[in-house]
Amino acid sequence: MVTYRVVKSAVLTPDGVDPSTVDNAFYDGSEIVLGVGSDGINEGEDASGIIHEYGHAVLDQQAPGLLQGQEAGAYHEAFGDLLAYFTTVDLRTGNDQVDQACLFAWAESGDCIRRMDDDKVYPD
């Protein structure tokens, strides 16, 4: 089992793969849960997805309780997306086989779940 030491020396232990969680990954306030993929690709195989969920844990350590409320959820999602994008940008740059602006392309049968090049704003 892998553990990560996060801000404030808290230990975070992600579940490797949770067979009861399908096509999803999430941070529940105490652990990161990585589900199995219905298309054969587990959420734990997508670095950007893992980093996105880790972003929730980091933000939760910095601002405890921020997970409550609709606006807080939007802030959390944006923080996780940006952390995932910025930490994988070197892998994207100059790679013609990767959609530069797509996050989480492996999930949902290859559809891009989040894009970094659209103009959506909360509450879209």
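This report describes the fold, the disulfide, the aromatic pair and the largest pocket of one predicted protein model.

**Basis of the model**

The model is predicted, and local features need pLDDT of at least 70, side-chain atom pairs count only at pLDDT 80 or more, and totals for chains, interfaces and linings use all residues. Residues are numbered from 1 along each chain as its sequence is written, and side-chain values use heavy atoms, with hydrogens and water left out.

The term pLDDT denotes the predictor's confidence in each residue, from 0 to 100. The chain has an average pLDDT of 78, and 81% of the residues score at least 70. Among the elements of the chain, helix 1 (residues 47-62) has the highest mean pLDDT, 90, and strand 1 (residues 4-5) the lowest, 51. Where pLDDT is low, the predicted coordinates should not be read in detail.

**Fold and exposure**

Two helices and seven strands make up the elements of the chain. Helices (H or I, at least four residues) and strands (E, at least two) are DSSP runs, numbered from the N terminus. Their order along the sequence is β-β-β-β-β-α-α-β-β.

Exposure is given as relative accessible area, with buried meaning under 20%, exposed over 50% and partly exposed in between (1.4 Å probe, protein chains only). Of the 124 residues of the chain, 31% count as buried.

Asp 23 lies in the loop between strand 3 (15-22) and strand 4 (25-27). The phi angle of Asp 23 is near 55°, a positive value in a residue other than glycine. Asp 23 counts as partly exposed because its relative accessibility is 22%.

Several residues come together in space although they are separated along the chain, as the C-alpha distances in the table show.

| Residue pair | Separation along the chain | C-alpha to C-alpha distance |
|---|---|---|
| Ile 50 and Leu 34 | 16 residues | 7.8 Å |
| Gly 37 and Val 22 | 15 residues | 5.7 Å |
| Arg 115 and Leu 103 | 12 residues | 6.0 Å |

Ile 50 belongs to helix 1 and, at 26% relative accessibility, is partly exposed. Gly 37 sits in the loop between strand 5 (32-36) and helix 1; with a relative accessibility of 14%, Gly 37 is buried. Arg 115 is part of strand 7 and is partly exposed, with a relative accessible area of 31%.

**The disulfide**

A disulfide is a covalent bond between the sulfur atoms of two cysteines. Here the term is applied to a pair of cysteine sulfur atoms within 2.5 Å. The structure holds one disulfide, which joins Cys 102 to Cys 112 with an S to S distance of 2.3 Å. This pair links distant parts of the chain, 10 residues apart: Cys 102 is in strand 6 (residues 102-103), and Cys 112 is in the loop between strand 6 and strand 7. The disulfide is right-handed because the torsion about the S-S bond of Cys 102 and Cys 112 is about 130°. The two cysteines fall into separate exposure classes: Cys 102 is buried at 7% relative accessibility, whereas Cys 112 is partly exposed at 27%.

**The aromatic pair**

Rings of Phe, Tyr and Trp (its six-membered ring) pair if their centres lie within 6.5 Å; planes under 30 degrees apart count as stacked, over 60 as edge-to-face and the rest as tilted. This rule gives one aromatic pair. Tyr 85 and Phe 86 form the pair, which is edge-to-face, with 5.9 Å centre to centre and 65° between the planes. Tyr 85 is buried, at 19% relative accessibility, whereas Phe 86 is exposed, at 54%.

**The largest pocket**

Rolling a probe the size of a water molecule over the atoms shows where empty space is left. On a 1 Å grid over the protein atoms alone, a pocket is an open set of points where a 1.4 Å probe fits, with protein on both sides within 12 Å along at least five of seven lines; lining residues have an atom within 4 Å of a point. A volume is the space filled by probe spheres set on the points, which are joined across faces, edges and corners.

The largest pocket holds about 490 Å³ of space. Fifteen residues line the largest pocket, and the closest to its centre are Ala 78, Asp 81, Arg 114, Asp 118 and Lys 120. Helix 2 (70-92) and strand 7 (114-115) each supply at least two lining residues, and helix 2 gives the most, with five. By class, the lining has eight nonpolar, seven charged and no polar residues. In this classification, Ala, Val, Leu, Ile, Met, Phe, Trp, Tyr, Cys and Pro count as nonpolar, Asp, Glu, Lys and Arg as charged, and the others, Gly among them, as polar.
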